[in-house]
Amino acid sequence: MTKASLCLIITLLSFGAAGQTLRWNYPCKPGTECWSALTSVEERQNACQITGIDLNTLSTEELLLITMEHPFFRSYVLHDSPIDGMGFSLEGFNGYEAFVARKDAVETLAEVYTREDFTKVKQMRDSVQIGNYTLKWTGLELLMTDQKLLSKISGEEGTIYLKQIHDKLLVKTRLTGFFGGTSFATSALVFYRLAKNLGYEIPQDILSKEGIDLFEKKLIVTNSSIVTSLLAHFDRFVERH
């Protein structure tokens, strides 16, 4: 895909996104003259940087919400690897870098995620609105796989965190017509990565499955049984803890 095509598709993905009242609202974004005047991905990435405001004055939650409204945030769907796609989307973005550096980043991420009512998607009738909603929250789930964040979690905190994610997973299983395979695969990957960090022994039958390396590193699912098996062990982990 050419960079020009990528610019166009990102612009289309961004239209219809529900904006929030934030102290930084991307003055240069799809639909503005400023955005239309830019011709490359690099120029548009640079235009998304937070400027003119001290990042230290923004709360951790504000930094996360601003990141989720980034014009490129949903563009991970345009890449073969969702993880590589999200890395591209937020490459060098000072708002996300500031968020990750906060001591309460993981706690804030969990709070924002758990308080969202996914069932509201059932009331949406417009396919564009539904698509933007699910892409946005799956994007947040992709942030949860970030090893820089997972490395901050230890002990009982990790168990609580996994239980919170599992609660949302149960909600998603009742909304499979809305949340696609990437969302479920992401939940499986968060469990896989964090459980390993916490010393939980991942069964050898999973570790030896064909495609596990691509799944672990890039969230590329070439073997659906990996996701199925991990989610089953995720259920058992929560039952036992």
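Colour the chain by secondary structure and follow the elements from the N terminus: they run α-α-α-α-α-α-α-α-α-α-α-α-α-α, and in this predicted model the chain holds 14 helices and zero strands.

Next, select the C-alpha atoms of the whole chain, which fill a box of roughly 55 × 35 × 35 Å when taken along the principal axes. A compact globule of 241 residues would have a radius of gyration near 18 Å, and because the chain has 18 Å, the two agree. Among contacts between residues at least 6 apart in sequence, 73% join residues at least 24 apart.

Now switch on the surface: the accessible area comes to about 11,400 Å², with 51% of that area belonging to carbon and sulfur atoms, while 52% of the 241 residues count as buried. If you then select the charged side chains, you will find 25 positive and 29 negative ones, and the centres of these two sets lie 3 Å apart.

For the last stop, turn to the aromatic rings, of which the structure holds 13 pairs. In the pair formed by Tyr133 and Trp137, the ring centres are 6.4 Å apart and the planes meet at 50°, so the pair counts as tilted, an angle between the 30 degrees of stacked and the 60 of edge-to-face rings. Select helix H8 (residues 127–143) to see both residues in place, four residues apart, or about one turn of the helix; Tyr133 and Trp137 are both buried. Finally, extend the selection to Tyr113, Phe118 and Phe179, which ring pairs link with Tyr133 and Trp137 into a cluster.

Technical notes: Residues are numbered from 1 along each chain as its sequence is written. This is a predicted model: local features need pLDDT of at least 70, side-chain atom pairs count only at pLDDT 80 or more; totals for chains, interfaces and linings use all residues. Side-chain values use heavy atoms; hydrogens and water are left out. Helices (H or I, at least four residues) and strands (E, at least two) are DSSP runs, numbered from the N terminus. The radius of gyration is taken over C-alpha atoms; the globule rule is 2.2 Å times the number of residues to the power 0.38. Buried means under 20% relative accessible area, exposed over 50%, partly exposed in between (1.4 Å probe, protein chains only). Contact means heavy atoms within 4.5 Å. Accessible areas come from the Shrake-Rupley method with a 1.4 Å probe; for residues, only the protein chains shown count as cover. Lys and Arg count as positive and Asp and Glu as negative; His and the chain ends are not counted. The place of a charge is taken as NZ of Lys, CZ of Arg, CG of Asp or CD of Glu. Rings of Phe, Tyr and Trp (its six-membered ring) pair if their centres lie within 6.5 Å; planes under 30 degrees apart count as stacked, over 60 as edge-to-face and the rest as tilted.
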